[in-house]
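Q: Could you take me through one part of this model up close? I'd like the backbone oddities first, and then the helix packing.

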Amino acid sequence: MTEAHGPRTGVVLVLTNQLDSTADLVVDRLNHRNVPVFRCDTAEFPLELTLTATLGEQRWGGVLDNGHRTLDLAAVRSVYFRRPEEFRLPDSMSEAERRFAAAQSRAGFVGVAVALPCLWINHPARDLDANHKPWQLAVARRLGLEPPRSIITNDPYAAREFATRICGPVITKSLGAPVDTVIVDPAELDDSVRLCAHLFQEWIDKAHEVRLTVVGGRFFAVEIHADSEQTRLDWRTDYDSLSYEPTTVPDGVRHAVTAFMRHFGLVFGAFDFIVTPSGRWRFLEVNPNGQWSWIEHRTGVPISYAIADLLEKGRTHD
């Protein structure tokens with residue numbers, strides 16, 4: 001994709017892998033507005049991407065150079081932090097050398113980047129905080145977003161006791177890496193539970209689910225209707241059996257989600273809710289760097305335009 005250059009009012013830095021088609025959508029919107037974009041991946045550093053940064057009176061200044069173009073760090077108006085990859089290092093390095101070089105690269109390259117005083121979608125530190133699911137659930141409960149009753153434990157006895165108190169189906173889902181949601185049989189909760197932390201939650205009856213994508217102050221809510229038993233348990237298991245319909249967000253949920261975003265310092269968030277048969281919205285989780293392009297393709301909700309609007313506008317904190 002050719003990146004157009006317009007008036008020098010600031011450059012949008014896009015940090016992601018080269019095969020990120022979701023980022024392509026945003027870059028395309030910016031290109032059509034003649035907003036200058038510098039796209040690179042942390043994987044290109046240090047072999048293909050050169051950083052030279054000098055500490056000035058108030059901020060880091062210097063350049064990024066990919067061998068074809070250079071980016072003046074002082075000219076960055078905003079950063080889209082999407083899906084950058086790990087640093088690519090020479091195969092000839094020993095394992096100890098690779099660990100040291102990766103740590104140095106992370107502290108240096110990422111350290112300079114995150115110090116840029118501009119708009120981030122999202123700042124990596126804010127992403128890291130908001131990715132802690134137990135923290136999400138605690139904040140959601142405090143704000144009245146009604147997450148499921150939950151327990152995190154590596155004690156099989158505590159897990160079985162929790163399931164008994166629920167008096168209904170109990171599910172388990174991943175606290176980190178993406179794993180399908182499954183219904184658990186309390187009788188099968190054995191000593192293997194002790195091998196790591198597990199999240200167990202009550203099962204909530206649903207009319208449908210909602211993916212709520214928040215970009216700045218703009219809300220894009222879409223109902224997700226599952227047409228198979230498996231997708232009623234976890235809609236991510238079979239996208240072809242899903243149907244979608246844009247919807248509105250209840251005022252109470254909108255206010256609570258706004259407060260949630262403010263609590264974690266997020267500019268972007270992909271929220272998942274269950275809507276019960278009685279119409280109550282129940283919070284499940286938020287992915288601060290969640291996928292959204294398939295929702296835009298299926299429904300036409302203009303998420304890419306909203307992200308491009310924010311990146312184009314930018315803001316500084318000097």
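**Odd turns and a packed helix**

A: Let's start with Pro46, which sits in the loop between strand E2 (37-40) and strand E3 (50-55) (helices, H or I, are DSSP runs of at least four residues and strands, E, of at least two, numbered from the N terminus). The bond leading into that proline from Phe45 is cis, with omega near 10°. Bear in mind that this is a predicted model, so local features need pLDDT of at least 70 and side-chain atom pairs pLDDT 80 or more, while totals for chains, interfaces and linings use all residues. Residues count from 1 along each chain as its sequence is written, and side-chain values use heavy atoms, without hydrogens or water.

Another cis peptide bond links Ile121 to Asn122, with omega at about -25°. Asn122 belongs to the loop between strand E7 (119-121) and helix H3 (124-130).

Next, the phi angles. Glu146 isn't a glycine, yet its phi is positive, about 55°. You'll find Glu146 in the loop between helix H4 (133-142) and strand E8 (150-153), where it is partly exposed at 30% relative accessibility (buried is under 20%, exposed over 50%, partly exposed in between, with a 1.4 Å probe and protein chains only). Cys167 is also a non-glycine with positive phi, about 60°. Cys167 falls in the loop between helix H5 (156-166) and strand E9 (170-173), and at 69% relative accessible area it counts as exposed.

Gly314 has a positive phi too, about 55°, and comes just after H9, which takes us to the packing. Helix H9 (residues 303-313) packs against helix H1 (residues 21-32) at about 60°, with the axes 9 Å apart (axes are fitted to C-alpha atoms over the stretch in contact, and angles run from 0 to 180 degrees between N-to-C directions). From H1, the contact takes in Leu25, Val26, Arg29 and Leu30; from H9, it's Ser304, Tyr305, Ile307, Ala308, Leu311 and Glu312 (contact meaning heavy atoms within 4.5 Å). As for burial in H9, the list runs Ile303, Ser304, Ala306, Ile307, Ala308 and Leu311.

H9 residues also turn up around Val215, a member of strand E12 (residues 208-215). Leaving out residues up to four places away in sequence, Val215 touches Phe220, Val267, Phe268, Ile303, Ala306, Ile307 and Leu310. Val215 itself is buried, at 2% relative accessible area. Glu209 is in E12 as well, and that glutamate also counts as buried, at 6%.
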